[in-house]
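Welcome, and please load the model in your viewer. We will go from one selection to the next, with a short note at each stop.

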Amino acid sequence: MTSDGHQLFHEALDRYERPLIRYALNLVGQLDDARDVVQDVFVKLSQCLGTVDRERLAPWLFTVCRNRATDHLRKHHRVVVMENETLDLEEADVARPGAELEHRETRTVIRRLLTQLPAKQREAIRLKFLAGLSYQEISDTMKTSVGNVGYLIHHGIQALREQWLSLENNPQAKSQPALANLF
């Protein structure tokens with residue numbers, strides 16, 4: 001590995017490891033499996049350092065991650081269960097008792113609502129909000145136009161809000177926090 005390649009690898013690891021783990025976790029459902037998938041992504045990166053376009057690194061990493069996660073799921077014949085506990089990879093400030101439980105419940109509901117979206121909207125929202133990619137990076141990853149990415153995210157969030165509001169109108173869902181505060 002050249003000095004330049006070594007630097008690229010470490011920069012990619014520092015910048016994208018956590019977003020890739022969050023993205024993979026959402027796809028495979030288990031933290032250990034997500035870490036294995038991301039490890040495979042970085043092994044692949046180390047093998048392709050000479051040919052990877054630095055300008056398209058993020059789309060390349062997330063495409064490889066999605067493909068490795070799909071391969072992992074096929075190999076293990078598993079269906080991703082969206083209600084699994086998700087590890088919060090960021091430190092959280094708990095403002096009041098029960099806030100963390102409330103956030104977990106909210107994430108569970110949002111994950112369930114996400115599964116009801118069309119696949120492309122779900123993918124665009126995951127790449128934007130879980131992986132933190134720009135519209136251009138999402139466009140490159142999904143092989144669609146930037147305008148279509150905006151359309152997919154806008155309509156996906158709009159559908160999530162409508163679903164959330166219908167849950168809020170249900171008396172059993174009154175204890176859920178407002179979705180509007182999350183986006």
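## Stop one: the cysteines

Select C65 to begin: its relative accessibility is 0%, so C65 counts as buried. Keep in mind throughout that this is a predicted model.

Now pick C48, which has 16% relative accessibility and therefore counts as buried too, the cut-off being under 20%. How many disulfides does the count come to? The count is zero.

## Stop two: the whole chain

Zoom out and colour by secondary structure. The protein chain holds seven helices and zero strands. Read from the N terminus, the order of elements is α-α-α-α-α-α-α. Colour by accessibility next: 41% of the 183 residues in the protein chain count as buried. If you like contact maps, take the contacts with a separation of 6 or more; residues 24 or more positions apart account for 64% of them.

## Stop three: α1 and α2

Two packed helices are described by the angle between their axes and the distance between the axes. Select residues 3-28 for helix α1 and residues 31-47 for helix α2; their axes come within 8 Å and cross at roughly 140 degrees. This angle makes α1 oblique to α2, because roughly antiparallel would need an angle over 145 degrees. The crossing of α1 and α2 is right-handed.

Show side chains for the contact. On α1, select F9, A12, L13, Y16, E17, L20, I21, A24, L25 and V28. Opposite them, α2 contributes L31, D33, A34, R35, V37, V38, V41, F42, L45 and S46. Colouring by residue class, you will find 16 nonpolar residues, one polar and three charged in the contact of α1 with α2.

## Stop four: α3 and α6

Move on to helix α3, residues 57-76, and helix α6, residues 135-142. The axes of α3 and α6 come within 8 Å and cross at roughly 45 degrees. Are these helices parallel or oblique to each other? With an angle that is not under 35 degrees, α3 and α6 are therefore oblique. As α3 passes α6, the crossing is right-handed.

Which residues make this contact? From α3, choose A58, P59, F62, T63 and R66, and from α6, choose E137, D140 and T141. By class, the residues of the contact of α3 with α6 are three nonpolar, two polar and three charged.

Key: Residues numbered from 1 in each chain as written. Predicted model: local features only at pLDDT ≥ 70, side-chain atom pairs only at ≥ 80, totals over all residues. Heavy atoms only, no water. Axes fitted to C-alpha atoms, helices over the stretch in contact; angles between N-to-C directions. Helix = DSSP H or I, 4+ residues; strand = E, 2+ residues; numbered from the N terminus. Parallel < 35°, antiparallel > 145°, perpendicular 65-115°, else oblique. Left-handed = near helix turned anticlockwise from the far one by under 90°. Contact = heavy atoms within 4.5 Å. Nonpolar A, V, L, I, M, F, W, Y, C, P; charged D, E, K, R; others polar. Disulfide = S-S within 2.5 Å. Buried < 20%, exposed > 50% of the residue type's maximum accessible area, 1.4 Å probe, protein only.
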